[in-house]
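Colleague: I would like a close look at a single part of this model, with the aromatic side chains and the surface around them. Please take me through that part in one go.

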Amino acid sequence: IPLFCRRDEAASLVTQAIGVGAVFAYVFVVSLVFFFLLKWTLGLRVSEDQEIAGLDVFEHGGTSYLFED
């Protein structure tokens, strides 16, 4: 029996914990499928050349930082 609960309320707490676990499992599976499909169709990463050049240049056409040699 959880702390600070009467005997009647403990069953409600267990029911809510089962509900939280069910929602977690559902969201986990749906997210896993969604990210797998996204990775399979569009990809989750940019190419290595774009990563080296910088995503600011690739996405916005400009740099955010001035680097002096």
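Modeller: What follows goes from the whole chain to one helix and the side chains on it.
This is a predicted model, with a mean pLDDT of 81 for the protein and 81% of its residues at 70 or more. The protein has 3 helices and 0 strands, in the order α-α-α along the sequence. Confidence is highest in helix 1, residues 7-41, at a mean of 89, and lowest in helix 3, residues 55-60, at 74. Of the 69 residues, 3% are buried. The accessible surface is about 6,800 Å², and carbon and sulfur atoms account for 66% of that surface.

Now to the patch. F24, F28, V29, L32, V33, F36, L37 and W40 form a nonpolar surface patch of about 930 Å². One of these residues, L32, lies in helix 1; its relative accessible area is 54%, over the 50% cut-off, so L32 counts as exposed.

As for the rings, there are 2 aromatic pairs. In one, the ring centres of F24 and F28 are 6.3 Å apart and the planes are at 20°, under the 30 degrees limit, so the pair is stacked. Both residues sit in helix 1, 4 residues apart, which is about one turn of the helix. F24 is exposed, at 59% relative accessibility, whereas F28, at 48%, is partly exposed. The rings of F34 and F35 also pair: their centres are 5.5 Å apart and their planes are at 70°, so this pair is edge-to-face. F35 is partly exposed, with a relative accessibility of 44%.

Notes. Residues are numbered from 1 along each chain as its sequence is written. This is a predicted model: local features need pLDDT of at least 70, side-chain atom pairs count only at pLDDT 80 or more; totals for chains, interfaces and linings use all residues. Side-chain values use heavy atoms; hydrogens and water are left out. pLDDT is the predictor's confidence in each residue, from 0 to 100. Helices (H or I, at least four residues) and strands (E, at least two) are DSSP runs, numbered from the N terminus. Patches are made of residues with over 30% relative accessible area and no salt bridge: like charges are joined within 9 Å, nonpolar side chains (Val, Leu, Ile, Met, Phe, Trp, Tyr) within 5 Å. Accessible areas come from the Shrake-Rupley method with a 1.4 Å probe; for residues, only the protein chains shown count as cover. A salt bridge is a side-chain nitrogen of Lys or Arg within 4 Å of a carboxyl oxygen of Asp or Glu. Buried means under 20% relative accessible area, exposed over 50%, partly exposed in between (1.4 Å probe, protein chains only). Rings of Phe, Tyr and Trp (its six-membered ring) pair if their centres lie within 6.5 Å; planes under 30 degrees apart count as stacked, over 60 as edge-to-face and the rest as tilted.
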